[in-house]
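I opened this notebook to record what surrounds the bound ligand and where the backbone departs from its usual geometry. Sequence and structure are shown first.

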Amino acid sequence: MLCLGIESSCDETALALVEDGRLVEAVLASQADVHALFGGVVPELASREHYRFVGALFDELMRRSGRANAEIDLIAAARGPGLLGSLLVGVAFAKGLALGLGKPFLGVNHLHAHLLAVGLEHELRFPALGLLVSGGHTHLYRMESPWECSLLGRTLDDAAGEAFDKVGKFLGLAYPGGKLMDALARAGTAQPTLFPRPYLDNDNLDFSFSGLKTAATGQAAHLLAGQEWPRPLTDLAYAPQALKDYCASFNLAVVETLCAKTKRALDRNPDLKTLIMAGGVACNSLLRDRISQLMQGRGGEAFIPSGKLCTDNAAMIAHAAWLLGKSGYSHRLSMETIPRGKAIPNDMLSSLC
Ligand code: KG4
Ligand code: ZN
C-alpha cells in the first residue's frame with residue numbers, strides 16, 4: 001500500500017511516500033530562515049509559504065520516487081493540532097489530489113504521528129508509555145495500541161521546546177534555540193543546583209516550565225555579566241564558556257524535570273516496559289541518554305527515532321496513514337481541520353463496519 005503524507009502544521013512543508021511501512025522518498029522545505037527574522041513562527045507567513053511550495057514539492061517527490069500519481073493508494077495530511085491556516089493548505093491539497101485521483105483521503109493526528117514515527121525504524125511494542133516533547137507539546141500518554149492513547153499528563157503552560165526556544169531567544173541564540181542550546185550544553189559544565197526542577201512537588205504527571213524560564217532569564221544578568229557574543233548566535237565557536245555553562249545548567253534542569261515525571265508515570269504503570277519518545281526535543285542528546293538509562297535500569301526499552309524523524313516530517317504522517325489505511329480507515333472529504341487547543345474528533349470511516 002503506497003501512502004502519501006503531507007505535513008504542514010507549522011513551519012515545515014514536507015511530503016513523503018511510505019509503502020507498507022517503509023519510507024520510499026521524502027522532500028521538505030523548511031521556513032526556518034524566514035521565521036528566524038522575526039524570532040518565532042509568523043502564522044500568516046507560514047501558510048503563504050506552504051501554499052507557495054506544496055505543489056512543486058509534490059512534483060519533486062513523485063519525480064524522485066519514480067512512481068506515478070496513479071500508484072498512490074491513500075492520500076493523507078496532518079489535520080491538527082497546529083496552525084489552522086498552515087494545516088488548511090496541506091489538507092486542501094490532499095483532498096484535491098484525492099478527489100482528482102479518485103483515491104481515499106485520511107486526516108492524521110500530528111501528535112499520534114510523532115509517537116508512531118519510530119515504527120519506521122523499529123518494530124513497536126505495546127502497551128507503552130509515550131513521551132511527546134516538542135515545541136508545542138509536552139505530553140505523557142499511556143498507549144495501549146497505535147490508536148488507543150490516554151493522556152496521563154501535559155504541560156500547564158510552556159512546552160519543553162518552547163522553554164528552550166524562549167530562553168534561547170532571550171540569550172540571542174538563532175531561532176529555534178533548542179538545537180544550539182543542546183550543543184552549547186554539551187560544551188559546558190552544569191551546576192546541578194543553579195536552576196529549579198519545576199512543578200515536581202505534587203502528585204500529578206503534569207509539567208510547568210514557565211517558572212523555570214523566568215528563573216533562568218532572571219539570573220542571566222549576573223551569571224553572564226560582562227560576557228559578549230554575536231547575536232543572533234549561530235555557531236558554538238563564538239560562545240563564551242560562561243554561556244555554555246549556563247546552557248548546560250538549564251538543559252540539565254529541563255531534562256531532569258522531564259525524567260522525574262516520566263519515572264513517576266512508569267512507577268504508576270508498572271506493566272509498561274516500553275517507552276516511546278518523540279517530538280523535536282527528543283533530539284536532545286542528554287534527554288536521549290537519560291531516558292534510555294531510565295528504561296534500561298527498569299529492565300525495559302526506550303524507542304527513540306533518529307533525529308530527522310523526531311522533528312516535524314511527512315514520513316511520520318504517511319506512516320501513521322499506512323497503519324490506519326491498512327486497517328480500513330479513511331475520512332470523508334468534508335473532514336474538518338483542527339487548530340491547536342481543540343480536541344481531535346474520532347470521525348474516521350471504517351470499511352470494516
Ligand atoms: O516536533 P517539532 O519539530 O515541532 C513541533 O511540533 O513543535 O519540535 C520543534 C522543537 C523546537 O522547540 C526546537 O527548539 C526543539 O524542538 N528542539 C530541541 C532540539 N532540537 C530541536 N530542543 C532541545 N534539544 C535539541 N537538540
Ligand atoms: Zn510536531
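The entries below cover conventions, the ligand site and the backbone.

**Conventions.** I worked with a predicted model, in which local features need pLDDT of at least 70 and side-chain atom pairs count only at pLDDT 80 or more, while totals for chains, interfaces and linings use all residues. Residues are numbered from 1 along each chain as its sequence is written, chains are lettered from A and ligands numbered from 1 in the order in which they are written, and side-chain values use heavy atoms, with hydrogens and water left out.

**Ligand shell.** I looked up the residues near ligand 1 (a heavy atom within 4 Å). There are 20 residues around the ligand, and G135, D165, D182, G280 and D312 come nearest. I sorted the shell by class and noted 5 nonpolar, 11 polar and 4 charged residues; Ala, Val, Leu, Ile, Met, Phe, Trp, Tyr, Cys and Pro count as nonpolar, Asp, Glu, Lys and Arg as charged, and the others, Gly among them, as polar. Domain 1 (2–117 + 312–350) and domain 2 (126–304) each supply at least three residues to this shell, with bounds from an automatic or database domain assignment.

**Polar contacts.** I searched for N or O pairs within 3.5 Å. A backbone N or O atom of D312 is 3.0 Å from an oxygen atom of ligand 1. For N284, a polar side-chain atom lies 3.1 Å from a nitrogen atom of the ligand. A polar backbone atom of G178 is 3.2 Å from a ligand oxygen atom.

**Burial.** Ligand 1 alone exposes 560 Å², of which the protein buries 88% (Shrake-Rupley method, 1.4 Å probe).

**Backbone.** I then checked the peptide bonds and phi angles. The Y175 to P176 bond is cis, with omega about -15 degrees, and P176 lies in the loop between α5 and α6. A cis bond also joins R231 and P232, with omega near -5 degrees. I noted that D20, although not a glycine, has a positive phi of about 45 degrees.

Notes: A polar contact is a pair of N or O atoms within 3.5 Å; within protein, one must be able to donate a hydrogen and the other to accept it, and residues adjacent in sequence count only if both atoms are side-chain atoms. Helices (H or I, at least four residues) and strands (E, at least two) are DSSP runs, numbered from the N terminus.
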